Structures are given as structure tokens and as C-alpha cells.
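Hi everyone, thanks for having me. I'd like to walk you through one protein model today, a few spots at a time. Here it is on the screen.

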Amino acid sequence: MVETALVDWSRLQFALTAGYHWLFVPLTLGLAIIVATMETIYVVKGDEFWKKVTKFWMKLFAINFAVGIATGIILEFQFGTNWSNYSWFVGDIFGAPLAIEGIFAFFMEATFFAVMFFGWEKVSKRFHLAATWLTGIGAAISAVWILIANAWMQHPVGMEFNPDTVRHEMVDFWGLVLNPVAISKFFHSVFSGWMTGAIFVIGISCWYLLKKRETRFALASIRVATIVGIIGTLAVMVSGDSSGVHAAKYQPMKLAAAEGLEDGGTRAPFSIVPGVEVPGVLSILATHDLDGYVPGINNLLDGYTAPDGEVVLSAEEKMARGKVAIEAFKQYREYKDTDPTLAAEARARLKENIDYFGYGYIDSREELVPPVNLIYWAFRVMVGLGGFLLLLMGVVLWTERRNRLKDMRWLQWIALLSIPLVYLAGQAGWIVAEVGRQPWVIQDLLPVKAAVSSVSVGAVQTTFFLFVAIFTLFLVIELRIMFKAIKKGPNVEIE
């Protein structure tokens, strides 16, 4: 088995790249809808003021968009460099949505982005507006294919294992696309981007109010952003509910870890913080039934029989059947060209135990439990900040509509300082989604330590620190350019 240090450094490098990339993606998704809405107001009203408002936020969108592309390309390359076993094992499935994303969505974004950013005086108002909306749609399409690929890792469907090629092969493309986890994940991620974009616009606009500059511009921007943000946050809550149900069904260990639930049962309590629980709420959230059964960490390790009669094997039983599957696979490969009868018997045993194949690489039951404290608190950071930001947007919109916001400096400061909080909420959500899946790269199918490339620890460490330097440089450059553009302002008015 590969050494632990290689797995840990490879995971850390991928986490670094994904974490940096997700600093840019949600703002792209959120600013796209806000900018398109502002330009729609301009086209409908014909007011040049809204054109200047749109062009200012479009400039910040373009800066963020460019850096996001750079980090995304590096992220996808890592599947081949650091996770080659994973890419070989499931590349026929995982590669399909990424290829579609690259060929279709990327070119759609690039084409219409050029018209949107450079075509103001070269095309008609309506054509330009269409290009702006299509840029945002292209960004969402990019997200949907990436999230389909990610959701398949959470809940693998639409494939069969081919022992002759040693690969999982796609047998149901639409099963992959319509994976219920993918649908929930898409809406949850995209609408969280709306929230990110909204808080960004509100915070920057409040900076102008604090500086007593561009007041009309700031208040108009806040009006659009708060409406988009509130809609997005409410949609995040709805999609988050379905994500919880899917986690209970397909990834019960993740849910148990997120709740710190050691021993489950019916009418399972929801933990607000350690020692403070609300009886029955977790059962409602996980099953939409007060009497729904929710297994805890110990139940999942020891095995249990659910109230509906479903029998879940213990960790040791799954590991034993996984080893049977691996041994049967080896025997099939050994006998397929020399003894068809023994090969057929081995293939039958493999098929019977294939659902536990990944467990054959697990050495102890403790490996099956993700870091509970990290996931528990990340979930509460995500939910707590989401609730706070929804309240903030509601208060900001209410005060703006009553012409009070421009005089409430304390609220302006809160809005400005909340910009980092929306990013923290997004990162916490991905910690729950990805760390909560450990030790699996693909749920129940392929553990991390069986997916890593055969490279030296030193090579991964070297590239890790290179990426730290490069990504930090990207971030510093982006922030400097953005701060310069923000300081310059939209030049809409002089006050």
C-alpha cells in the first residue's frame, strides 16, 4: 500500500487548489446574474446611469473571471498528475462531463464574454444584453457539468465494472446526468454563488457610502444585489434540505459526522452546539419524518437492521467482502485465458461482492470515520453564517427602501466586513461535502489511498509549495487590480 505521507500531501495539494479555485467561482456565478440584471434595467429604461453601473461591476466580474479560469485549469490537470489511478479506474465516466464542460461551456463563456466586455459600441443593445445573459448561462453550464462529475463521486451511478479493462465504464449517461445528488448540488452551489455575489456588491457599495461617494450608484447597486442575494439564499436553504436527505440516504457516515451523532435511532436530535440538542429535528431533516431512523457512527460501524428491515453490514463484514471481491478479481485475471470455468466462477464472486470492492483496501474500521470535529463545526459555520447573511441582506434592503441606509454607518461597516464571511461559509460547505466523504474518493468504491499516483512524496511537496506561491500571487494581483478599480470608482456622479 502507498505510504501515508504521499496520500496526505496529495490530498493537501488538491485541497489547496480546489480551495483557491472556489474563491473565484462563486463570485463569477453571482456577479454574472447581478450584472445581467443591471444591464436589463438599462435596456428597458434606456437610462445611461444603469449602463455605467453595469460596466463598473462588469469590470470586476472580468478580473475575477480571468483568475478563476487559470486556477480551474490547474485543478483539472491534477487528476492526471496526482490521481492517475483514479483517472484510469473511472476516467471513462468522470472524464465525460469534464470534456463536455471544456468543449461546450468554456467556449460558450469565452465567445459571449468577448462580446459582453468588448462589444458595447459594436453591437446593438439587445444583442449585447443577450451576450451578457449567455455569459452567465455559460458559467452555470460549466458549473453543472463539473458538479455532475463531483456528484458522481458522492453517489456513483450509471456504470459497471469491466474486469477485462480494469475500469468502470459508463452504461447510462442520463443516469449520470440526472443523478439526484447532482441536481441538488448544482442548485446549492449556483445559488450560493448568488449569495456571494450579492454580499460582495453590497459590501463594496457600502464602502462608497462610508466614503460618501457615488451614493446613488451605491444604493442602486445594493437594491439589485439584495434582491438577488435573498432569492439565492432562500434557494440555498431549499437545495440544502434535499442535500441533507441525499446524504442520509447515500452517505450516512457524512451526516452522522456532521451531527457528531455516535448512536442514532428514531426521532434523532439535531445538535445546535455540543450539549444543546433539539429532539427529533435531525430525523425530520434527514428523512422528512419525525419517526425516521438516522444511524449514528457506531451503528454504521457495527452494522444494524433499520426499522424497514434493511440490513446494513458491519465495517468488518464489508471489509471481508471487499477482500473477497479483490481476490476474485485477481483470480479472474489469472484464469480468463487458461481456465474458462474457474474464470467464470471468479467473475461471479466478483459480481456478487463488487459493491464492497473499495472496502477491501480498508485496513481498520477507524479509517471509515472522517474527522468528526472538523465536519461538525464546518457545518455549523456554513449554516450559521448563511442565516446571518440572510438576515443582513433583509435589514439592508429594508433600510435602503426606507431611505435610512445611507445614514447608518454601523450597518455599512457590518456589510463591508461581511465580505470575507460569505467566502468562509462557502469554504466550510465544501469541507463538509469533501472531507465528510473521506476515506473515499468515490463513495464506497475507491478509497483515497488506492487512487493516488505513484510519485514521490518530495515531488508532491515541491509542487505544493510552488502552487502556494503561484496561487497567492494570483490572489494578490487580483485583489490589487480590484482595489484599484474600486478606489477609482464608477465615475457615475460626483458627490
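Before we look at a pair of helices, one definition: a helix axis here is a line fitted to C-alpha atoms over the stretch in contact, and the angle between two axes runs from 0 to 180 degrees between N-to-C directions. Please also keep in mind that this is a predicted model.

Let's begin with helix packing. Two packed helices are described by the angle between their axes and the distance between the axes. Our pair is helix H1, residues 4–45, and helix H6, residues 180–210, which pack at an angle of about 80° with their axes 7 Å apart. Angles of 65 to 115 degrees count as roughly perpendicular, so H1 is roughly perpendicular to H6. Which residues make the contact? On the H1 side they include Trp22, Pro26, Leu27 and Gly30, and on the H6 side they include Ser189, Gly193, Trp194 and Phe200. Sorted by class, the contact of H1 with H6 has twelve nonpolar residues, six polar ones and no charged ones.

Next, helix H2, residues 48–81, where we find threonine 71. Is threonine 71 buried or exposed? Its relative accessibility is 1%, so threonine 71 counts as buried. Now look along the chain: threonine 71 and phenylalanine 471 are 400 residues apart, yet their C-alpha atoms are separated by 7.6 Å. Leaving aside neighbours within four places in sequence, threonine 71 is in contact with Thr17, His21, Phe24, Phe471 and Phe474.

Phenylalanine 61 also has its place in H2. With a relative accessible area of 2%, phenylalanine 61 is buried. Its contacts, again leaving aside neighbours within four places in sequence, are Thr28, Leu31, Ala32, Phe113, Met116 and Thr135. The C-alpha atoms of phenylalanine 61 and glycine 197 are separated by 9.6 Å, with their positions 136 residues apart along the chain.

Now for the aromatic rings. How many aromatic pairs are there? The count comes to 40. Let me zoom in on one of them. The ring centres of tyrosine 293 and tyrosine 304 are 5.3 Å apart and the planes are at 40°, so this pair is tilted. Tyrosine 293 is in strand S6, residues 293–294, and tyrosine 304 is in strand S7, residues 304–305, eleven residues apart. How covered are these two? Tyrosine 293, at 22% relative accessibility, counts as partly exposed, while tyrosine 304 is buried at 14%. The cut-off explains this, because buried means under 20% relative accessible area.

Ring pairs can also join up into a group. Here they link Phe56, Trp57, Phe200, Trp207, Tyr208 and Phe217 into a cluster. You've met Phe200 already, in the contact of H1 with H6.

Rings can have charged partners too. The charged end of arginine 216 sits over the ring of phenylalanine 49, 3.7 Å from its centre. Arginine 380 lies over the face of tyrosine 376, at 3.7 Å from the ring centre.

Let's move to helix H8, residues 252–259. How many of its eight residues are buried? Seven are, and H8 is mostly covered. Among the buried ones are Met253, Leu255 and Ala257, and also Lys254 and Glu259. Right after H8 comes glycine 260, whose phi is positive, near 60°.

That brings me to the backbone. Most residues other than glycine have a negative phi, and most peptide bonds are trans. Where does this model depart from that? Lysine 212 has a positive phi, near 55°, and has its place in the loop between H6 and helix H7. At 55% relative accessibility, lysine 212 counts as exposed. Histidine 288 has a positive phi as well, near 60°, and its place is in the loop between helix H9 and S6. Then there is the peptide bond from glutamine 438 to proline 439, which is cis, with omega near 15°. You can find proline 439 in the loop between helix H15 and strand S9.

One last stop: asparagine 353, which lies in helix H12, residues 340–353. At 6% relative accessibility, asparagine 353 counts as buried. Not counting residues up to four places away in sequence, asparagine 353 touches Arg321, Val324 and Ala325.

That's my tour, thanks for listening!

Conventions: Residues are numbered from 1 along each chain as its sequence is written. This is a predicted model: local features need pLDDT of at least 70, side-chain atom pairs count only at pLDDT 80 or more; totals for chains, interfaces and linings use all residues. Side-chain values use heavy atoms; hydrogens and water are left out. Helices (H or I, at least four residues) and strands (E, at least two) are DSSP runs, numbered from the N terminus. Angles under 35 degrees count as roughly parallel, over 145 as roughly antiparallel, 65 to 115 as roughly perpendicular and the rest as oblique. Contact means heavy atoms within 4.5 Å. Ala, Val, Leu, Ile, Met, Phe, Trp, Tyr, Cys and Pro count as nonpolar, Asp, Glu, Lys and Arg as charged, and the others, Gly among them, as polar. Rings of Phe, Tyr and Trp (its six-membered ring) pair if their centres lie within 6.5 Å; planes under 30 degrees apart count as stacked, over 60 as edge-to-face and the rest as tilted. Buried means under 20% relative accessible area, exposed over 50%, partly exposed in between (1.4 Å probe, protein chains only). A charge sits over a ring if NZ of Lys or CZ of Arg is within 6 Å of the ring centre and within 35 degrees of the ring normal.
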